[in-house]
Amino acid sequence: METGTSVSNNNQSIRNDSYEAIKNGSWFNQFRNGCNPWMARYVYGLIFLIANLLAWAARDYARGALRKVTRFKNCKGGENCLGTDGVLRVSLGCFLFYFVMFLSTLGTSKTHSSRDRWHSGWWFVKLIMWPALTIIPFLLPSSIIHLYGEIAHFGAGVFLLIQLISVISFIQWLNECYQSQKDAERCRVYVMLLSTTSYTVCIVGVILMYIWYAPDSSCLLNIFFITWTLFLIQLMTSIALHPKVNAGYLTPALMGLYVVFICWCAIRSEPVGESCNRKAAASNRTDWLTIISFVVALLAMVIATFSTGIDSQCFQFKKDENDQEEEAEDDVPYGYGFFHFVFATGAMYFAMLLIGWNTHHPMKKWTIDVGWTSTWVRVVNEWLAVCVYIWMLVAPLILKSRRQTPSGT
């Protein structure tokens with residue numbers, strides 16, 4: 001028994017040494033041997049970016065290239081594989097790839113397991129699997145693609161919910177770092193400076209939105225959106241500063257920045273030609289500013305998906321110190337299953353952005369997330385973010401009172 005145990009320990013030690021050698025080696029060795037999960041996430045992010053570019057090309061510039069798909073009977077000469085349908089087909093292929101990865105990596109806990117090697121390696125297999133899964137949707141009838149488009153509305157909503165929870169968790173984590181006992185005195189000035197700056201930017205942003213998107217009293221909807229955002233900032237600040245909550249100025253200030261940004265995105269998504277959206281009317285022609293805005297929005301969406309995917313801890317309960325001590329060195333650095341699930345829902349999300357959340361309305365070139373449906377999705381997302389943040393503030397008090405009620409009776 002001792003000999004067997006010794007051999008097992010030696011094999012484990014050899015695997016650890018081999019893993020460290022590959023991990024600390026060149027990028028080519030890491031890609032070829034595939035044993036570095038930190039490198040793997042960048043490859044998956046690159047694949048996701050390429051899928052976004054393919055979907056955009058299928059929408060705006062694929063008419064000449066897709067003439068060759070006339071042999072696919074479901075494309076009907078390319079007509080059903082262009083525009084909105086083209087975006088949905090590319091999105092479905094991307095979704096299938098990441099959903100397969102989600103199912104095959106869910107529950108991975110150790111870096112030396114077979115599923116870890118599948119997540120971090122086997123790239124040549126994946127470079128065959130991904131194009132194959134991208135081509136398959138072009139062989140499917142339009143009815144299935146339209147059904148996927150309806151399901152993608154729900155999947156994109158799930159992605160937005162995951163994203164806002166991740167953002168709120170990061171804001172709370174940042175606040176806890178500043179309020180730690182060791183750095184409380186030293187960081188107090190920085191907290192006040194950051195909070196003041198955030199509130200100032202919020203006020204400036206609200207004023208600019210009134211000037212740009214509510215030029216006269218007839219713009220009632222935009223006035224409502226902006227005024228309600230200002231009210232939500234005041235509400236979050238009041239609850240956060242309540243003596244029983246005592247969350248400080250930092251978190252409501254940063255949340256104020258977040259909701260002002262979402263409100264700005266919502267109004268920007270209003271269709272071109274609306275009299276109350278002068279910025280949209282000014283950008284009706286395709287110029288360099290429009291192109292740069294499109295590219296920035298596309299990259300921001302990819303980066304948001306990437307950063308959210310590695311933040312699986314935002315859905316975990318706080319661990320005790322004993323649990324943290326039990327974490328082994330060979331534990332996976334992030335949840336692989338959650339990572340691929342976020343990218344799978346992100347595939348649905350980028351499809352909704354490129355078609356304006358409307359499967360029956362064509363989008364103009366170099367536009368993204370434009371239309372009344374897009375506007376209301378953003379507005380509801382803003383309100384939901386405020387509700388989630390307020391719940392995170394008051395939930396400990398509610399749960400504490402419920403625990404104390406039985407003991408009192």
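Q: How do you know that the span of helix 6 agrees with its 13 residues?
A: This is a predicted model, and the check is simple arithmetic on it. At 1.5 Å a residue, helix 6 (residues 123-135) should span 18 Å, and its end C-alpha atoms sit 19 Å apart, so the two agree.

Q: What makes the buried residues of helix 6 line one face?
A: Start with who they are: W123, K126, M129, W130, L133 and T134. Looking down the axis of helix 6, these buried residues fall within an arc of 130°, so they line one face of the helix. On the face turned away from that buried side you'll find the exposed residues F124 and I128.

Q: How do you know that the span of helix 9 agrees with its 21 residues?
A: Run the numbers again. Helix 9 covers residues 220-240, so at 1.5 Å a residue the expected span is 30 Å; the end C-alpha atoms are 30 Å apart, which agrees. Its buried residues include F225, I226, L232, I233 and M236, along with N222, T229 and T237.

Q: Why is W264 called partly exposed?
A: Buried means under 20% relative accessible area and exposed means over 50%. W264 comes in at 32%, so it counts as partly exposed. You'll find W264 in helix 10.

Q: Why is L208 called partly exposed?
A: Its relative accessible area is 31%, so L208 falls in between the 20% and 50% cut-offs. L208 sits in helix 8. Along the sequence L208 and W264 are 56 residues apart, yet in space their C-alpha atoms are 9.8 Å apart.

Q: Which residues make the nonpolar surface patch?
A: I203, V204, I207, L208, I211, W212, F261 and W264 make it, with an area of about 710 Å². Helix 8 (184-213) and helix 10 (250-268) are the elements that give two or more residues to the patch. The largest share, six residues, comes from helix 8.

Q: Which residues touch the most other members of the largest nonpolar core?
A: That core has 54 residues, and the ones touching the most other members are Y44, F48, F97, Y98, Y349, F350 and M352. Several helices each supply at least two of the core's residues, among them helix 3 (37-60), helix 4 (83-105), helix 7 (142-178) and helix 12 (288-309). Helix 14 gives the largest share, 15 residues.

Q: Why is Y349 called buried?
A: The cut-off for buried is under 20% relative accessible area. Y349 has 5%, so it counts as buried. Y349 belongs to helix 14. Its C-alpha atom is separated by 7.7 Å from that of G157, although the two residues are 192 apart along the chain.

Q: What makes the phi of N246 worth a second look?
A: Most residues other than glycine have a negative phi. N246 is not a glycine, but its phi is positive, about 55°. This residue is found in the loop between helix 9 and helix 10.

Q: Why is N246 called exposed?
A: Exposed starts at over 50% relative accessible area. N246 has 58%, so it is exposed.

Q: Is W357 buried or exposed, and why?
A: With a relative accessible area of 7%, W357 is under the 20% cut-off, so it is buried. W357 lies in the loop between helix 14 and helix 15 (372-408). Its phi is near 60°, a positive value in a residue other than glycine.

Methods. Residues numbered from 1 in each chain as written. Predicted model: local features only at pLDDT ≥ 70, side-chain atom pairs only at ≥ 80, totals over all residues. Heavy atoms only, no water. Helix = DSSP H or I, 4+ residues; strand = E, 2+ residues; numbered from the N terminus. Expected span 1.5 Å × (residues − 1). Buried < 20%, exposed > 50% of the residue type's maximum accessible area, 1.4 Å probe, protein only. Arc of directions from axis to C-beta. Patch = residues over 30% accessible without salt bridge, like charges linked within 9 Å, V, L, I, M, F, W, Y side chains within 5 Å. Areas by Shrake-Rupley, 256 points an atom, 1.4 Å probe, with all protein chains shown as cover. Salt bridge = Lys/Arg side-chain N within 4 Å of Asp/Glu carboxyl O. Core = buried A, V, L, I, M, F, W, Y, C linked by side-chain atoms within 4.5 Å.
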